[in-house]
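Q: I am new to this structure and would like a close look at one part of it. Could you take a single helix together with the sheet it packs on, and walk me through how the two are built?

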Amino acid sequence: MKTGVEDVIHAEGRLVTPGLVDAHTHLVYAGSRAGEFEERLRGVTYEEIARRGGGIRSTVRATRAASLDDLVAAGRPRLKALLAEGVTTVEIKSGYGLDLDTEVKMLRTARRLGEILPVTVVTTFLGAHALPPEFEGRDDEYIDFVTGRVLPMVAAEGLADAVDAFGERIAFSPDQVRRVFKAARGLGLPVKLHADQLSDQGGAALSAEFGALSADHVEHASADGIRAMGRSGTVALLLPGAFYFLKDTHKPPIDEFRAAGVPLAVATDSNPGSSPATSLLLMMNMAATLFGLTVEEAWRGVTVNAAKALGRSDRIGTLEPGKDADFVIWDVTEPAEAPYRMGFNPAWMVFRQGRNTVDRRDVPA
């Protein structure tokens, strides 16, 4: 296909939207946790697996042993699957290293993926994801290590666009998260939080306290925390893939978020343990069927509100003069059809920064 301002594409009544934004992924990792999937089918809980050294720690061991090239090779097909469905911007977190060298390696891998594939990669440092085995019983010392050594190096090398943490009973306390956030803000980096996924740990309110870009999961967010998010402008980033995969039953309080004026975003949470998903379209369907989002809310959740969750509203998320020319032409005629169909990809043409990256015009019907 020719490129240039003279090109005219006849969409012939097809739907045109902004490029999709996957605002929460853990795409860079090594290894598999399919065995844990089988265990959960037998009734073992996510928390039980984590407490005996599985879960995140299992992926940490595999990721530490992998080279940067290994991680690029493993992450590339996952990312290509997202791009094929119209994703033009993706957030990728670290957090499966939990040491200096591997955290840096993961972030460099994410940057490399953004260089070799036609996608905008936004990186997030998630050093406070879990407690590594070498710090067993020394949670506060590990937070000292994260804030005093790893985060300053990551910031100095420009490897992270934001800082995340996992605030939960099986992870880090509100006080420990607060220390991470203060360090991040001191280095000029915005923050976000894995908040209130398994229990109410005050994560929604803590996110709002620091003006976080987003509070993610939020199944157990409190009424006070939700109102605080409404005041701070913090996005509620919904992750229905993890909700489904872990067979959770406690839904995010969607009506309360709506009443407080909290923007709702939707992401894949693509990761090896709780949401091995590489379809943002499927997450739109799940957000509607499991959480009760309207079709319009689902679309806004992967465009304008997802852009807000990354602090990129000035560049992406809507089709406006002056923004990046990221857009998708869908082979559908109404907005409901794309999230309605499961396991079907109607992306007809995808453009990222004005360049055609997916073209299915000649694919037989």
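A: What follows looks at helix α7 and the sheet it packs on, in a model that is predicted.

The sheet is an open one of 8 strands, in the order β2-β3-β4-β5-β6-β7-β8-β9, and the pairing is parallel. At its edges stand β2 (20-22) and β9 (264-266), each with a single partner strand, so one side of each is left without a neighbour in the sheet. From one strand to the next the twist averages 30°. As a general matter, the strands of a sheet pair through backbone hydrogen bonds, in either a parallel or an antiparallel sense.

Several of these pairings can be followed residue by residue. Strand β6 (residues 193-195) runs parallel to strand β7 (residues 214-217), and 3 bridges join them; here L193 has A215 in β7 as its bridge partner. Between β6 and β7 lies helix α8 (residues 203-209), and together the three elements make a right-handed β-α-β unit. Strand β7 then pairs with strand β8 (residues 235-238), again in the parallel sense and over 3 bridges, and A215, the bridge partner of L193, stands opposite A236 in β8. The chain passes from β7 to β8 through helix α9 (residues 223-232), in a β-α-β crossover that is right-handed. Strand β8 is joined in turn to β9 by 3 bridges, the two running parallel, and L238 has V266 in β9 as its bridge partner. Helix α7 packs on this sheet, where it touches β4, β5 and β6, and its direction makes about 175° with that of β5.

Turning to the helix itself, α7 (residues 174-186) has 13 residues and reaches 18 Å from its first C-alpha to its last, close to the 18 Å expected at 1.5 Å a residue. Its buried residues include Q176, V177, V180, F181, A183 and A184. These residues lie on the same side of α7, because they cover an arc of only 160° around the axis. An α-helix has 3.6 residues a turn, so residues three or four places apart point the same way. The cover over the buried residues of α7 includes the strands β4 (120-128), β5 (162-167) and β6, as well as the helices α6 (139-156) and α8. On the face turned away from the buried side, α7 carries the exposed residues D175, K182 and G186. Just after the helix, G188 takes a positive phi of about 80°.

Helix α3 (residues 56-65) can be set beside α7, since its buried residues include I56, R57, T59, V60 and T63. They cover an arc of only 155° around the axis, which puts them on the same side of α3. The face of α3 turned away from that buried side carries the exposed residues R61 and A65, while the cover over its buried residues includes α2 (46-51), α4 (68-84), α5 (100-116) and β5. Strand β5 therefore appears in the cover of α3 and also in that of α7, and β5 is one of the strands of the parallel sheet described above.

Note on methods. Residues numbered from 1 in each chain as written. Predicted model: local features only at pLDDT ≥ 70, side-chain atom pairs only at ≥ 80, totals over all residues. Heavy atoms only, no water. Pairing = 2+ DSSP bridges. Helix = DSSP H or I, 4+ residues; strand = E, 2+ residues; numbered from the N terminus. Right-handed = clockwise from strand over helix to strand, strands pointing away. Expected span 1.5 Å × (residues − 1). Buried < 20%, exposed > 50% of the residue type's maximum accessible area, 1.4 Å probe, protein only. Arc of directions from axis to C-beta. Contact = heavy atoms within 4.5 Å. Axes fitted to C-alpha atoms, helices over the stretch in contact; angles between N-to-C directions.
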